[in-house]
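Morning, everyone. Let me walk you through one structure. Please have a look at it before I start.

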Amino acid sequence: MSPPGIVGAVYVCAECGEEAAVVELVPRGAKHPDFEADDFLSAPGTLVSRDVIGERMTAVEEADLEPIAERLAAAGRADTPLSGAEHSRSFCPERRACYCQEHWKFEPVFEDGGWYDCTYGTCPRGHRTMLDD
Ligand SMILES: [Zn+2]
Ligand SMILES: [Zn+2]
């Protein structure tokens with residue numbers, strides 16, 4: 001039996017139409033052209049988001065594989081282009097839109113001692129949200 005395939009979605013910036021995020025669900029055992037098998041987490045699935053903050057991998061439990069795959073697959077449809085976009089850090093939950101690196105205004109926050117804490121972003125419509133922590 002061949003491993004189940006990768007499901008992915010591309011989201012574009014609501015301001016300029018440039019690519020804002022790529023989110024892919026990689027089931028354990030699936031081959032990804034950009035990664036080695038041991039780059040992935042030892043969970044039933046790994047959710048890979050390449051977005052305005054960088055690359056993030058999140059473990060996906062068995063029960064979540066199907067619902068997330070369905071959300072990402074729906075992103076390819078004209079009436080639900082942002083389905084699953086909340087899995088990326090390019091997404092403004094208030095506007096329900098994605099923005100590229102150029103259109104988010106980033107504010108990285110550092111703790112005493114210079115440790116990275118989190119990053120806030122302000123979208124072009126002025127919504128401030130925590131993008132990464
Ligand atoms: Zn916004
Ligand atoms: Zn943009």
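**Two hairpins, one sheet, one core**

Let me begin towards the C-terminal end. Strand β7, residues 105-110, and strand β8, residues 116-122, run antiparallel and are joined by 6 bridges. Keep in mind that this is a predicted model. To place that pairing, find F106: G121 in β8 stands opposite F106. The two strands, β7 and β8, make a hairpin with 5 residues between them. In that turn, G113 has a positive phi of about 95°.

Move on one strand. β8 also pairs with strand β9, residues 128-132. That pairing is antiparallel too, over 4 bridges. Here Y120 has M130 in β9 as its bridge partner. β8 and β9 form a hairpin as well, with 5 residues between the strands. G126 takes a positive phi near 85° there.

Now step back to the whole chain. How many helices and strands does the protein chain have? The count is 1 helix and 9 strands. Along the sequence, the pattern reads β-β-β-β-α-β-β-β-β-β. The radius of gyration is 16 Å, close to the 14 Å from the globule rule for 133 residues, so the chain is as compact as a globular protein of that length. The C-alpha trace spans about 50 × 45 × 25 Å along its principal axes. Of the 133 residues, 29% count as buried. Take contacts between residues at least 6 apart in sequence: 47% of them join residues at least 24 apart.

Next, the sheet at the other end of the sequence. In what order do the strands of the open sheet lie? The order is β1-β2-β3-β4, 4 strands with antiparallel pairing. β1 and β4 are the edge strands, each pairing on one side only. From one strand to the next, the twist averages 15°.

Let me cross that sheet pair by pair. β1 and β2 run antiparallel, joined by 6 bridges. G8 stands opposite E24 in β2. Then comes strand β2, residues 19-27, with β3: antiparallel again, over 6 bridges. V26 has T46 in β3 as its bridge partner. Last is β3 with strand β4, residues 55-60, also antiparallel over 6 bridges. There, S49 has R56 in β4 as its bridge partner. β3 and β4 form a hairpin with 4 residues between them. G54 sits in that turn, with a positive phi of about 140°.

Is strand β3 mostly covered or mostly open? It is mostly covered: 5 of the 6 residues in β3, which spans 45-50, are buried.

On to the helix, α1. Its buried residues are A69, R71 and L72. They cover an arc of only 165° around the axis, which puts them on the same side of α1. What do the buried residues of α1 pack against? They pack against β1 and β2. The face turned away from the buried side of α1 carries the exposed residues A63, E66 and P67.

That brings me to the core. In soluble globular proteins, nonpolar side chains tend to be buried together. The largest nonpolar core here has 25 residues. Which of them touch the most other members? They are Y11, C13, A20, L25, L72, C98 and Y99. At least two residues of this core come from each of β1, β2, β3, α1, β5 and β6. β2 gives the most, with 5 residues.

Two residues to click on before we stop. Start with Y11. Not counting residues up to four places away in sequence, Y11 touches A20, A21, L82, A85, S88, S90 and C98.

A21 is on that list, so to speak our second stop. A21 is found in strand β2. Why does A21 count as buried? It has 24 C-beta neighbours inside 10 Å, and the cut-off is 20 or more. Leaving aside neighbours within four places in sequence, A21 is in contact with Y11, S49, R50, D51, S88, S90 and C98. Look at S90 in particular. A21 and S90 are 69 residues apart along the chain, yet their C-alpha atoms are separated by 6.2 Å.

That's my tour. Over to you.

Methods. Residues numbered from 1 in each chain as written. Chains lettered and ligands numbered in written order. Predicted model: local features only at pLDDT ≥ 70, side-chain atom pairs only at ≥ 80, totals over all residues. Buried ≥ 20, exposed ≤ 12 C-beta atoms within 10 Å, placed from the backbone. Pairing = 2+ DSSP bridges. Core = buried A, V, L, I, M, F, W, Y, C linked by C-beta atoms within 7 Å. Contact = placed C-beta atoms within 7 Å. Axes fitted to C-alpha atoms, helices over the stretch in contact; angles between N-to-C directions. Arc of directions from axis to C-beta. Rg over C-alpha atoms; globule rule 2.2 N^0.38 Å.
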